[in-house]
Amino acid sequence: MGMNWNRGVLLSAWTIFVGLALTAGQVADLGRDGVGITVEAEPEVVDVGRDFLVTVTTVSPKGLEARLPDLRDRFKGFQVAEDFSEEPVVDAEGKTTLVTRWSLRPEPLAKRYRLAPFVVTTAEGSSFYTAPVVFNPPARREAVTGAMEIHPKRDFPSLSWRLVGIGAGILALVVLAVALIVFIVRKIRMMVRIHRMSPIERAMYELDVLLKKGLPGRGFYKDFYIELTMVVRRYIERRHEVRAPNLTTDEFLRAAESNPAFTREAIAELREFLQSADMVKFAGVEATPEMADAATSRAKVYLKTDATAFGNGRNQEAGK
């Protein structure tokens, strides 16, 4: 039995070796042991620009049904587009014919195009290897030699409107990016400059920003009085360390009366200024442009008077 097995192995190896020399110009015969297997290819030479059609026909004698494996992974140098198997046909002598068609897409850079060996099994339990089928590859292209022949003025395409549009879009994006960077840098510089201001400088800056909004001229008196009193309260917080923005008017005045930094005259000015503002903010008093101008003047007078009394230079509390 060992001799028969060795002989069968040698015979299979010889078949595979011989099969390497086969090319499927039209038909390759892979049949053996009574089983007929033919492979037909169209076109005769692989063309990477079109599908490659392979037809595998299996003819099994009566009582000896041959089974083929899935050949999808056996095609080398191709991508399988689709496959189709016809219904088996049994003739009068009992032979069974099975036709399977494969539509393949050649890979342009493949080194070879072939159908690798595969195992055929029969209903009796016997099996054998087929020989590989090597398909005719495309003809080699001649190597390009010599210098490049090009005339810059004649061979380069003219500038298209599409290219002009792309360039303009890129330029617009660059301009927007630069403008955004400049805006951010200026914003940061302004914040740093404001932070370094003394309390009176920062208060006068905030008051100037408020007046440029023109709130009274648009009828927003309540908003104007809220922001005006906050300018004064923030100044007092930075200069005298009194949490003025977080206190009601009465709470703030009580805190100011117990603080030696505030004189009686200063407390009286603050009381009149803040209470008149509260009448507009909370009591519903209708303000007028003259009232808004008067409130602004009182705020300026208090700020300048307080700054003069305690020194108008920058101190260590500047910018809080």
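# Helices, strands and contacts in a predicted model

Biologist: What separates Lys281 from Asp278 in helix H7, in terms of helical turns?
Modeller: Lys281 and Asp278 both belong to helix H7, where helices (H or I, at least four residues) and strands (E, at least two) are DSSP runs numbered from the N terminus. These two residues lie three places apart in H7, so the separation is about one helical turn.

Biologist: What pLDDT do local features need in this model?
Modeller: Numbering starts from 1 along each chain as its sequence is written, and side-chain values rest on heavy atoms, without hydrogens and water. The model is predicted: totals for chains, interfaces and linings use all residues, side-chain atom pairs count only at pLDDT 80 or more, and local features need pLDDT of at least 70.

Biologist: What is the N to O distance in the salt bridge between Lys281 and Asp278, and are these residues buried or exposed?
Modeller: Buried means under 20% relative accessible area, exposed over 50%, and partly exposed in between, with a 1.4 Å probe and protein chains only. By this rule both Lys281 and Asp278 are buried. A salt bridge places a side-chain nitrogen of Lys or Arg within 4 Å of a carboxyl oxygen of Asp or Glu; for Lys281 and Asp278, the N to O distance is 3.7 Å.

Biologist: Which residues form one network through salt bridges that share partners?
Modeller: The whole structure contains eleven salt bridges. Those that share partners build one network from Arg202, Glu206, Arg234 and Arg238.

Biologist: Which residue forms a salt bridge of 3.1 Å with Arg72?
Modeller: Arg72 meets Asp70 in a salt bridge of 3.8 Å, N to O. Asp70 is exposed at 51% relative accessibility, whereas Arg72 is partly exposed at 39%. The 3.1 Å bridge links distant parts of the chain, from the loop between E4 and strand E5 (75-76) to strand E6 (residues 78-85), eleven residues apart. The partner of Arg72 there is Asp83.

Biologist: How many helices and strands does the protein have?
Modeller: Of the 320 residues, 32% are buried. Contacts are heavy atoms within 4.5 Å, and among those between residues at least 6 apart in sequence, 60% join residues at least 24 apart. The secondary structure amounts to eight helices and twelve strands.

Biologist: Which helix gives the most residues to the largest nonpolar core?
Modeller: A nonpolar core is a set of buried Ala, Val, Leu, Ile, Met, Phe, Trp, Tyr and Cys residues joined through side-chain atoms within 4.5 Å. The largest has 33 residues, and Leu228, Tyr235 and Phe262 are among those with the most contacts inside it. Helices H4 (199-213), H5 (221-240), H6 (249-257), H7 (264-281) and H8 (289-310) each supply at least two of its residues. With eight residues, the helix that gives the most is H5.

Biologist: Which residues of E2 point to the buried face?
Modeller: In a regular strand the side chains alternate between the two faces of the sheet. E2 shows such alternation, with Gly36, Thr38, Glu40 and Glu42 on the face that is not buried. The buried face carries Ile37, Val39 and Ala41.

Biologist: How many bridges pair E2 with E3?
Modeller: Two strands pair if DSSP finds at least two bridges between them. Strand E1 (residues 27-29) pairs with E2 in the antiparallel sense over three bridges, and six residues lie between these strands in a hairpin. On E3, Thr55 stands opposite Glu40. The pairing of E2 with E3 is antiparallel, and its bridges number seven.

Biologist: Which residue does a cis peptide bond join to Glu42?
Modeller: Most residues other than glycine have a negative phi, and most peptide bonds are trans. The bond in question has an omega of about 0 degrees. The residue joined to Glu42 lies in the loop between strand E2 (36-42) and strand E3 (52-60), and is Pro43.

Biologist: What area does the nonpolar surface patch with Ile170 cover?
Modeller: Patches consist of residues with over 30% relative accessible area and no salt bridge, with like charges joined within 9 Å and nonpolar side chains (Val, Leu, Ile, Met, Phe, Trp, Tyr) within 5 Å. Ile170 lies in helix H3 (residues 161-195). Accessible areas come from the Shrake-Rupley method with a 1.4 Å probe; for residues, only the protein chains shown count as cover. Together, Ile166, Ile170, Val174, Val178 and Val182 make a patch of about 400 Å².
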